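Biologist: Please give me a close look at a single part of this model, namely the contacts between its chains, and begin with any loop residues whose backbone or surroundings should be noted beforehand.

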Number of protein chains: 4
Amino acid sequence: MNTHGTIFKITTFWESHWGALGVVIDGLPSNFEIDLANIAHELGRRKPWQSAITTARKENDENFEILSWVFEGKSTGHPITIIVRNEDQKSQDYENIKDIYRPNHADLTYDLKYGIRDYRGGGRSSGRETVSRVIAWAIAKQYLKEKFWVEIKAFTKQVGEYKAENVNYDFIEKNILRTADEGVAQKMIEYVEKIKNDGDSIGGIIECHIKNSPSWLGEPVFDKVKARLAWSMLSIGWVLGFEYGAWFDTVHLTWKMYNEWFISSPLLQGEENKKNKKDFIHSPHNKYGWILGWITTGEDIIFRVAVKPTSSIYCPQKTVDKYWNEVDFKIEWRHDACILPRVVPVIEAMSAIDILDFVLINNAKK
Amino acid sequence: MNTHGTIFKITTFWESHWGALGVVIDGLPSNFEIDLANIAHELGRRKPWQSAITTARKENDENFEILSWVFEGKSTGHPITIIVRNEDQKSQDYENIKDIYRPNHADLTYDLKYGIRDYRGGGRSSGRETVSRVIAWAIAKQYLKEKFWVEIKAFTKQVGEYKAENVNYDFIEKNILRTADEGVAQKMIEYVEKIKNDGDSIGGIIECHIKNSPSWLGEPVFDKVKARLAWSMLSIGWVLGFEYGAWFDTVHLTWKMYNEWFISSPLLQGEENKKNKKDFIHSPHNKYGWILGWITTGEDIIFRVAVKPTSSIYCPQKTVDKYWNEVDFKIEWRHDACILPRVVPVIEAMSAIDILDFVLINNAKK
Amino acid sequence: MNTHGTIFKITTFWESHWGALGVVIDGLPSNFEIDLANIAHELGRRKPWQSAITTARKENDENFEILSWVFEGKSTGHPITIIVRNEDQKSQDYENIKDIYRPNHADLTYDLKYGIRDYRGGGRSSGRETVSRVIAWAIAKQYLKEKFWVEIKAFTKQVGEYKAENVNYDFIEKNILRTADEGVAQKMIEYVEKIKNDGDSIGGIIECHIKNSPSWLGEPVFDKVKARLAWSMLSIGWVLGFEYGAWFDTVHLTWKMYNEWFISSPLLQGEENKKNKKDFIHSPHNKYGWILGWITTGEDIIFRVAVKPTSSIYCPQKTVDKYWNEVDFKIEWRHDACILPRVVPVIEAMSAIDILDFVLINNAKK
Amino acid sequence: MNTHGTIFKITTFWESHWGALGVVIDGLPSNFEIDLANIAHELGRRKPWQSAITTARKENDENFEILSWVFEGKSTGHPITIIVRNEDQKSQDYENIKDIYRPNHADLTYDLKYGIRDYRGGGRSSGRETVSRVIAWAIAKQYLKEKFWVEIKAFTKQVGEYKAENVNYDFIEKNILRTADEGVAQKMIEYVEKIKNDGDSIGGIIECHIKNSPSWLGEPVFDKVKARLAWSMLSIGWVLGFEYGAWFDTVHLTWKMYNEWFISSPLLQGEENKKNKKDFIHSPHNKYGWILGWITTGEDIIFRVAVKPTSSIYCPQKTVDKYWNEVDFKIEWRHDACILPRVVPVIEAMSAIDILDFVLINNAKK
């Protein structure tokens, strides 16, 4: 159950206190020139200690190591395997958490599901597992971009009551929260700093735009594009909600208010556009990606995910130990007051992995 | 891509104008006594023409037919196959929609993805496809109930601004909207009737409670319970959003406001409860199902889905034909002003199919 | 575990005493014109009572029924479902075998694996299950032939000591044993008749030629063409051995005797052929299909399977009942003295299903 | 297509000139104490340079490295990942084979299937890929042995005309050919040495005994035990034939000669044995593993595979280059005159991987 995908597949692995975490990437078409620099770049976007509001833990994730890869710079059609070494662990004293079931962590459930638990780290339950996905993303992203001009842009849409309304993709990498609205970024950041100073944490909403999505992706029943995206997004630990187009907050609209007609397209007028059906069906509303019958048309796919606050916070808590006694508990290490900017590349990663898989599935039937 | 599941699997099929739709159910443990009456009962809950607010189309879905089944009333360990015959189709005149791409339907995308489209019915893109899932649900539901006392209760949580706050399971089947709050039902229904009289349609939110969920379900990474549920829910055409616990509307809460401690349990006091860890971890908040490290603990799993209005509405629309000319278009047949009560059993169905699959996956590793 | 394939998939079902056996065929590319007559034709080749040496049971398998299928004669991209009704069963008296574990049948193992067994028929353990595969074959065969000129020809290679050495495809359908050598057919048939008169049965060897196999099929490690073919062949109940090229009986040859050089090709001389590498690599030996690195080159793929005698024979046997008492036992019904001619289309079926799946897998990566 | 298995799964990877080959092992039940020494031991059995008749290439396969593994010596329920580093490659001159298509190698087909080929090593087409499988075997073997007392014993059954008739398991590891018959070993070895001195190579037959196989394994249709074993065996490059029980050479026997009755058991007499059905069905013939209805009964499973000679031989050959010109060609490196003793642990490996997967599949349905 550690493999994901149909044709383009990833298999991931990690135990906290062994050599490395990593990913086996299977199904990338052969003879594609891969740029190694993308991997370091994307891992850099995901890593901790990028700013004052994310955790100060140091992980040199860019120091990845290649176990199987390309020939003369090009994919061979065989699995690509890349690992990231575990840092030398300080001989930390784990004795104080060894027998404790931390609230909102896997401690209790791993103990009872598996009968065994490595108390020295989160292992498969840790957000660090997403490093494997980001490596796959770096490759899938490049493939989709060069072959289909696909661009995937995720950004922090909302934190607290602050929302990014005027989306400017160029601004995303220019602010530590990876929001897309220059007008609201400063207030959002100040709000997160205040939460951090309270020893607290906060979640929010990330929005993702898949630009230039290939047309006619998706299978009619169980493997609709929206269904696979929902699966992939919710497979990210921090994500608790998915909506496709604006929905939970527009649920009170009737269909007349929501309906989109082909005719609404401003492009209808030109003879030239009539020839190119993809352009024609463009609509200014794009409420749910103009996916008709759950098959993509080439319009941008827009979805949003709800991200929970990290559950590691700086304040004394009460919990129980494995003998079921009440104990005091305090997390000593640094944490992410707002994890969202680090989740952004993971959202992009899972989107790209799904879209590439759908492209290859479509190829199969031709 | 018409098969879903790992151990407990369903394969579904249908073309509108051939003999039948159906499902092959694979992986049910053998020697389990199945009650045929459940199938008719659940199909009855999903079928059209149950009330004034759902469509008046007549489909005798209870007239299912068994192709492979039990021996002496008990499952044999081999596939169960059940079909529902297509009704005798009136020699309807499809000529007027043959060349039209209806807005928000699969007409355009099927034509361009497959190069062929049966214009005489929606086939795989039709909501009627969910009949297959409800058949599997009737069986999975009985299995989960008898073996694990699991109860799955979905209901209409919100329509327009009307919300079911005081949940009473017994009331669900006593009102045509399948909402769970007696205090709000009448207003909700009147609101839907008004929308119906406008020739319009409306969606809403369905909430689902998985009671007595087996403990320790879920795989740590790609097959978290929440991830599989999100996949299954979004694989239902009408569903556009999924949230696990209250999230999109509580996204502004910080972790301190959200945190749940084991210690919060009112059950902590009793010695008896200390022995039984499952009871102990009960919490009055249950914000996201007390799933720790994405493994279930036995607490109720609560999630919500956002359902779109049906896109068939009674009013003149404009659209395009396959030659890309603008044409007038009007749906003549009856439609569901509010599809939610008919989606309720489908939500329950997909929940049960996933939970049963997770139970069997857990068994495998023992 | 009743679904087979990666992109082109079949799901089969049957319980002896319910309505029908059948198959759901998923993954056939859309817009392909299917000829219904092929199905009846291939079912006719598999059915009992074709001749004096096969069983006299009457099964009208050609009376299949379509549940989902084409539009205007062409595949739609959605599942095709076809069933064959169970014949009206005589109110046969099963009491005499109800509690008996017949030797070499599933009676004992089904009872102990599943805790339940329908003693009124073999169900999933019966060779009748292969009807489902032959239906899929009729469609896959037509697709491979029209798109790639693939021809798949299986025939009875050996019965007793009689071997078909001079292979003439045209003769296969002209003799009741489906052997390919006119010179040996009569002796083979007489030998089988003698065995039949003894109330005995015999197996043999079937050889299968995949002519004009598409090039570059097969995945390097677990899904080599030979591996998938071996799997599929041994998934047929009657088949107990598989060899790829001549092997078990040439196992004593050293590599020098076996080696095939590109240079051996008589086609090497022509300039024209040098341009077309597929032709070039032709070799007169073709010992194991010129599959290099386990990837097909376009040369014919030749393999053989060993088929066991049917275990239903006309003579008194001793066995045990479920209380483990020794009992006398005699099969009253007619049986196949030599099942091989009826297995021939099943061998072809599984070959075509695999080859088509490999073609679609190759497409995916392009 | 580099992942194999249903519940117990392996994913393997390797490119010749990158860091390592390896395997991700998924699905091993948690809390099982694994002995690291088994891995080095089994890799030692597979490695080259074990004797005068196998290749003199030096590969320190025992120097494996663990990337994810156990906690306090026990499996955690999460993936186990183990790699073997590529040895420092001499700056070998590959120029002479860069443009040559070696006969019976993947050179031609990889070039044309993938459009790219690493001429510096066989990569996925190399027998060295089986190192990954042997690592998984070391773990699966220990699990099956400790939980179910399963023993898997493969040995060289035939080389040339020399056959091992008197099987003595204890002798297998005491001779360099891994044959099981002390009486024939010396002659077999001398025969192989003679072939080696001719610069030639030879294959043969390996027989495998699965002792104390768990009962009731196997799925009735596509995933019969014999079918999965055939798949797994033929997925090993060197293997070209599979037979289950004695078949290709007993294909002329009629059923009366072959039939096995429960009653034939010498154990029938004892009252004690009647209570224990597993013992009762023992038969001295065990022609095809007493698998009834293709479900195992607990009797030993016996199968044989035909192994081809290695295609690297010491003698001048002719072949073609990529421009399709005839060229002279000679393999300079050492090769295996008889690969069989090194294939023995790979046969055992794939048997164990399948049997363990079947055990877990059976668990799932309980």
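Modeller: Helices and strands are here DSSP runs numbered from the N terminus, a helix having at least four residues and a strand at least two. The model is predicted, and the places described below should be read with that in mind.

I begin with the loops. Asn212(A) belongs to the loop that runs between strand E9 (204-211) and helix H6 (225-234) of chain A, and although Asn212(A) is not a glycine, its phi is positive, at about 60°. Most residues other than glycine have a negative phi. With a relative accessible area of 37%, Asn212(A) counts as partly exposed, because this value falls between the 20% and 50% limits. In chain B, Asn31(B) is another non-glycine residue with a positive phi, here of about 70°, and the loop that holds Asn31(B) lies between strand E3 (20-26) and helix H1 (37-46). Asn31(B) is likewise partly exposed, its relative accessible area being 35%.

Asp200(B), in the loop between helix H5 (182-197) and strand E9 (204-211) of chain B, has a relative accessible area of 6% and is therefore buried, since the limit is under 20%. Leaving aside residues up to four places away in sequence, Asp200(B) touches Thr254(A), Trp255(A) and Lys256(A) from chain A, together with Ile195(B), Ile313(B), His335(B) and Ala337(B) from chain B.

Turning to the contacts between chains, I take chain C and chain D next. Here 107 residues of chain C are in contact with 107 residues of chain D, and the area buried between the two chains is about 9,000 Å², with carbon and sulfur atoms giving 68% of it. On the chain C side, Met1(C), Phe222(C) and Trp324(C) lose the most area to chain D, and together they account for 11% of what that side buries.

The polar part of the interface of chain C and chain D includes two salt bridges and 23 residue pairs in polar contact. The side of chain C that touches chain D is made up of 54 nonpolar, 29 polar and 24 charged residues. One of the salt bridges joins the side chains of Glu219(C) and Lys113(D), with a distance of 3.6 Å from N to O. The backbone takes part too: strand E10 (residues 239-244) of chain C pairs with strand E10 (residues 239-244) of chain D in the antiparallel sense, over three bridges, and in this pairing Glu243(C) stands opposite Gly241(D).

Chain D also meets chain A, where 42 residues of chain A are in contact with 42 residues of chain D. The area buried between chain A and chain D is about 3,500 Å², and carbon and sulfur atoms give 59% of that area. Two salt bridges are found across this interface, among them the one between Arg85(D) and Glu65(A), whose closest N and O atoms are 2.8 Å apart, and 18 residue pairs are in polar contact between chain A and chain D. The elements of chain A that give two or more residues to the side touching chain D are strands E2 (9-13), E3 (20-26), E4 (64-68) and E5 (80-85), together with helix H3 (107-114). By class, that side of chain A has 17 nonpolar, 14 polar and 11 charged residues.

Methods
Residues are numbered from 1 along each chain as its sequence is written. Chains are lettered from A and ligands numbered from 1 in the order in which they are written. This is a predicted model: local features need pLDDT of at least 70, side-chain atom pairs count only at pLDDT 80 or more; totals for chains, interfaces and linings use all residues. Side-chain values use heavy atoms; hydrogens and water are left out. Buried means under 20% relative accessible area, exposed over 50%, partly exposed in between (1.4 Å probe, protein chains only). Contact means heavy atoms within 4.5 Å. Buried area is the accessible area (1.4 Å probe) that two parts lose on being put together, summed over both. A salt bridge is a side-chain nitrogen of Lys or Arg within 4 Å of a carboxyl oxygen of Asp or Glu. A polar contact is a pair of N or O atoms within 3.5 Å; within protein, one must be able to donate a hydrogen and the other to accept it, and residues adjacent in sequence count only if both atoms are side-chain atoms. Ala, Val, Leu, Ile, Met, Phe, Trp, Tyr, Cys and Pro count as nonpolar, Asp, Glu, Lys and Arg as charged, and the others, Gly among them, as polar. Two strands pair if DSSP finds at least two bridges between them.
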